Amino acid sequence: MALLTKLRSLRGLKPAPEPELPDVARSVAIIMDGNGRWARRRRLPVAAGHREGTRALRRTVEAAIDLGVESLCVYAFSTENWSRPEEEISDLMEIFVETIERELPDLARQGVRVRFIGRRDRATDALRAKMDELEAETAANARLALWIAFDYGGRAEIVGAARRLVEEGVPAGEVDEEALRSRLYAPEMAEPDLLIRTSGEQRISNFLLWQLAYTELIFCDTLWPDFGERDLREALSQYAGRRRRFGGR
Ligand code: IPE
Ligand code: IPE
Ligand code: MG
């Protein structure tokens with residue numbers, strides 16, 4: 001192929017176009033699933049799985065920076081996760097608070113800008129304060145945009161956008177994709193090039209319903225607490241071999 005291209009250009013002919021392969025995934029989303037199974041396999045309480053999951057997130061953020069990812073959006077807690085046992089939920093809220101406290105200095109130093117998408121009104125006061133602090137303390141960073149989906153549901157997000165259109169009195173004739181998109185939780189968030197779901201489950205579970213329209217999907221069997229640089233690298237290399245069409249030829 002390379003030789004043919006060279007010959008053509010020697011003869012002054014235009015080189016044949018290469019098939020369009022995406023190079024690197026600049027924007028990655030992850031459904032961090034499998035904490036419960038990781039714990040169960042070790043006969044540990046489910047909270048131990050969630051705690052270990054926070055370590056995996058730390059590793060993944062560092063790997064994402066090294067691999068040139070610019071935007072990473074992770075699913076931490078869904079609108080449906082409130083239906084879990086009370087004890088698991090209260091442990092999780094505590095783990096979120098502890099994790100923010102523990103990770104804030106390094107995230108700030110590493111140039112990570114953290115923002116949350118989803119509802120904040122149902123979080124504990126302690127957690128809401130930590131979320132605000134994490135966003136404020138990293139607001140000037142630009143190396144990696146880390147979006148954390150907490151109390152997030154794709155349907156709730158779209159319903160919220162529709163409600164805002166009505167509240168703002170936008171006439172029906174002006175409701176188009178851009179009008180809706182600009183009223184999502186974070187219109188400035190890059191649409192994911194690639195979505196990874198860990199733990200072998202193959203579904204979306206109400207994550208980023210609007211934003212995933214043309215995202216490449218990769219499902220891997222690794223349980224989230226075991227996820228790390230090798231898995232991310234593997235997913236990115238699978239992505240690099242895919243051809244995106246966006247409905248075109
Ligand atoms: C994902 O792990 C974390 C949250 C949903 C908060 P799970 O807790 O869903 O783990 P499994 O699916 O039960 O293994
Ligand atoms: C999706 O995982 C939510 C998060 C990873 C935060 P779930 O474990 O809640 O999803 P289902 O119930 O298996 O679809
Ligand atoms: Mg799960």
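**View 1. Helix H2 (residues 35–41) gives the shell around ligand 1 three residues, the most of any contributor.** This is a predicted model. The full set of residues surrounding ligand 1 is Met32, Asp33, Gly34, Asn35, Gly36, Arg37, His50, Ala76, Asn81, Arg84 and Leu92. Sort that shell by type and you get five polar, three nonpolar and three charged residues.

**View 2. Asp33, Gly36 and Arg84 each place an atom by an oxygen of ligand 1.** Start with Asp33, where a polar side-chain atom sits 2.9 Å from a ligand 1 oxygen atom. Gly36 uses its backbone instead: an N or O atom there lies 2.9 Å from an oxygen atom of ligand 1. For Arg84, it's a polar side-chain atom again, 2.7 Å from an oxygen atom of the ligand. How much of ligand 1's own accessible area does the protein cover? Of the 380 Å² that ligand 1 has on its own, 84% is covered. As for the site itself, ligand 1 takes up space in the largest pocket.

**View 3. Ligand 2 has its own ring of residues.** Around ligand 2 you'll find Ile31, Met32, Asp33, Tyr75, Ala76, Phe77, Asn81, Arg84, Arg197, Arg203 and Ser205. Asp33 turns up in the lists for both ligands, and so does Arg84. By type, the shell of ligand 2 splits into five nonpolar, four charged and two polar residues. The space that ligand 2 takes is, once more, the largest pocket.

**View 4. Three side chains reach oxygen atoms of ligand 2: those of Asp33, Asn81 and Ser205.** Which distances go with them? A polar side-chain atom of Asp33 is 3.3 Å from a ligand 2 oxygen atom. For Asn81, the distance from a polar side-chain atom to an oxygen atom of ligand 2 is 2.9 Å. With Ser205, a polar side-chain atom comes to 2.6 Å from an oxygen atom of the ligand. On its own, ligand 2 would expose 390 Å², and the protein buries 77% of that.

**View 5. Thr79 sits in the loop that links strand E2 (71–75) to helix H4 (86–109).** Is Thr79 buried or exposed? Thr79 counts as buried because its relative accessibility is 17%, and the cut-off for buried is under 20%. The side chain of Thr79 also makes a polar contact of 2.9 Å with the side chain of Glu80.

**View 6. Val74 belongs to strand E2.** Its relative accessible area is 0%, so Val74 is buried. Where does Leu165 lie relative to Val74? Along the sequence Val74 and Leu165 are 91 residues apart, and in space their C-alpha atoms are 27 Å apart.

**View 7. Stepping back, the protein chain has eight helices and six strands.** If you trace the chain along its sequence, the order of elements reads α-β-α-α-β-α-β-α-β-α-α-β-β-α. The C-alpha trace spans about 70 × 55 × 35 Å along its principal axes. And what share of the 249 residues is buried? Buried residues account for 44% of them.

Terms used:
Residues numbered from 1 in each chain as written. Chains lettered and ligands numbered in written order. Predicted model: local features only at pLDDT ≥ 70, side-chain atom pairs only at ≥ 80, totals over all residues. Heavy atoms only, no water. Near = heavy atom within 4 Å. Polar contact = N/O pair within 3.5 Å; in protein donor to acceptor, adjacent residues only side chain to side chain. Areas by Shrake-Rupley, 256 points an atom, 1.4 Å probe, with all protein chains shown as cover. 1 Å grid on protein atoms, 1.4 Å probe; cavity = no way out; pocket = protein on both sides within 12 Å on 5 of 7 lines; lining within 4 Å. Sits in = over half its atoms within 2 Å of the grid points. Helix = DSSP H or I, 4+ residues; strand = E, 2+ residues; numbered from the N terminus. Nonpolar A, V, L, I, M, F, W, Y, C, P; charged D, E, K, R; others polar. Buried < 20%, exposed > 50% of the residue type's maximum accessible area, 1.4 Å probe, protein only.
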